[in-house]
Amino acid sequence: MSDERQTGNTENQVNGGRQGAVVQAGAISGGVHLHLPGDGLEDTESPLIVTVERSGKDAPYDEQTVLLETDPPEVMVREGSFRVTVESSLTGRAVILRRMRPVVLSRRPARRACHGLITPPPTFRRVAPRHFSTDLNKATPQLQAEDVDFPFSVSATDVEEFIITPAAGGDEILWHLEIDWLCAGRHGTTTVDDHGQPFALYPRSGPRLGCGYEHVPGCPAPRLALESTQGTVLVGCSKWSPHGRIKPDNGGTILDFTYPNESRAGEYYRGRVVNYTVRLTHGDPRNPRELFLVVTDVRPAPEAPKTP
């Protein structure tokens with residue numbers, strides 16, 4: 001049998017669309033080493049990943065939200081601090097944060113509100129934050145650094161956290177943050193807001209409804225709690241310590257509940273999401289105005305299915 005080899009031209013093509021790494025060869029002898037390019041900045045609207053959380057004191061009873069006397073009632077963040085975490089969305093590139101600025105979109109005189117709501121503070125990663133303050137009452141608010149000022153550099157493995165403390169004066173303010181960045185010769189601006197909506201800030205000096213531990217007649221907080229069916233346990237309980245407290249998801253007043261006898265210990269620890277039923281009952285039959293919210297059928301909420 002003769003050793004016959006065929007020779008000639010081999011044609012291969014790449015047509016249409018945007019391509020990543022492509023190898024074109026007529027014949028390959030030996031090993032092939034393919035080095036893929038890094039992230040393309042042109043493929044992203046912004047090279048930044050930004051997360052915003054409310055920053056509170058260590059105590060879980062720090063007043064961080066208020067409930068406006070509106071129809072329907074509106075929950076608003078009370079004047080305090082915001083924690084902004086910034087990292088790069090590109091695995092192979094660092095991003096220079098040139099500056100960050102607050103932008104006031106609108107303001108209005110503060111409406112009456114119930115200041116009796118509480119929000120458990122979130123849990124943060126242990127990254128040394130940068131502290132800034134700003135006066136949103138000024139015509140052009142600026143961030144004032146308490147220590148190191150801009151610029152900063154971030155990457156996928158080196159993040160920066162900023163504590164922003166805005167002052168609202170006596171108005172309700174809608175605002176957002178803007179971050180100017182530079183990466184691989186390109187520059188742009190990323191808007192930081194509340195999931196597409198402006199941050200809504202209520203002043204600490206805003207007019208109160210007069211609520212303390214007990215809510216005044218007409219306050220919308222008990223009505224919202226009566227309509228709620230799910231919340232987060234603020235004070236855990238067990239059969240040895242049977243009294244707990246729940247913060248409704250809809251912003252209603254804090255609910256007291258008693259540990260069900262038929263439940264297993266440990267199901268109602270702090271931070272657990274629970275479902276329940278609320279009903280209105282009279283205390284003293286001789287005093288028809290003495291009404292109480294009673295929580296029944298408390299049970300752990302089903303956990304969301306995990307994505308495979």
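Q: How many strands and helices does the secondary structure of the protein come to?
A: The protein has one helix and 18 strands. Helices (H or I, at least four residues) and strands (E, at least two) are DSSP runs, numbered from the N terminus. This is a predicted model, in which local features need pLDDT of at least 70, side-chain atom pairs count only at pLDDT 80 or more, and totals for chains, interfaces and linings use all residues. Residues are numbered from 1 along each chain as its sequence is written, and side-chain values use heavy atoms, with hydrogens and water left out.

Q: What share of the residues count as buried?
A: Of the 308 residues, 37% count as buried. Buried means under 20% relative accessible area, exposed over 50%, and partly exposed in between (1.4 Å probe, protein chains only).

Q: And what area does the protein expose?
A: About 18,900 Å² is exposed, and carbon and sulfur atoms supply 48% of it. Accessible areas come from the Shrake-Rupley method with a 1.4 Å probe; for residues, only the protein chains shown count as cover.

Q: Moving on, how many salt bridges are there?
A: The count comes to 11 salt bridges. A salt bridge is a side-chain nitrogen of Lys or Arg within 4 Å of a carboxyl oxygen of Asp or Glu.

Q: Which residue does Arg-112 meet in a salt bridge?
A: The side chain of Arg-112 meets that of Glu-69, at 3.0 Å from N to O. This pair links distant parts of the chain, 43 residues apart: Arg-112 is in the loop between strand 5 (95–109) and strand 6 (113–114), and Glu-69 is in the loop between strand 2 (65–68) and strand 3 (74–78). Arg-112 is partly exposed at 40% relative accessibility, and Glu-69 is partly exposed at 38%.

Q: What about Arg-111: which side chain does it meet?
A: Arg-111 forms a salt bridge with Glu-172 (2.6 Å, N to O). Arg-111 lies in the loop between strand 5 and strand 6 and Glu-172 lies in strand 11 (residues 171–183), so the pair ties together parts that are 61 residues apart in sequence. Arg-111 is partly exposed, at 23%, whereas Glu-172 is buried, at 4%.

Q: Where does the salt bridge partner of Asp-256 lie?
A: The partner is Arg-245, at 3.1 Å from N to O. Arg-245 lies in strand 15 (residues 243–248) and Asp-256 in strand 16 (residues 255–258), so the bridge ties together parts 11 residues apart in sequence.

Q: Which residues of strand 16 are buried?
A: Leu-255 and Phe-257 point to one face and are buried, while Asp-256 and Thr-258 point to the other and are not. In a regular strand the side chains alternate between the two faces of the sheet.

Q: Do strands 15 and 16 run parallel or antiparallel?
A: They run antiparallel, joined by four bridges. Two strands pair if DSSP finds at least two bridges between them. Gly-244 stands opposite Phe-257 in strand 16. The hairpin has six residues between the strands, and Gly-251 there takes a positive phi near 90°.

Q: Changing topic, where is the place of Thr-134?
A: Thr-134 is in strand 7 (residues 130–135). Thr-134 is buried, with a relative accessible area of 5%.

Q: Which residues is Thr-134 in contact with, leaving aside neighbours within four places in sequence?
A: Among them are Pro-102, Pro-141 and Thr-165. Contact means heavy atoms within 4.5 Å.
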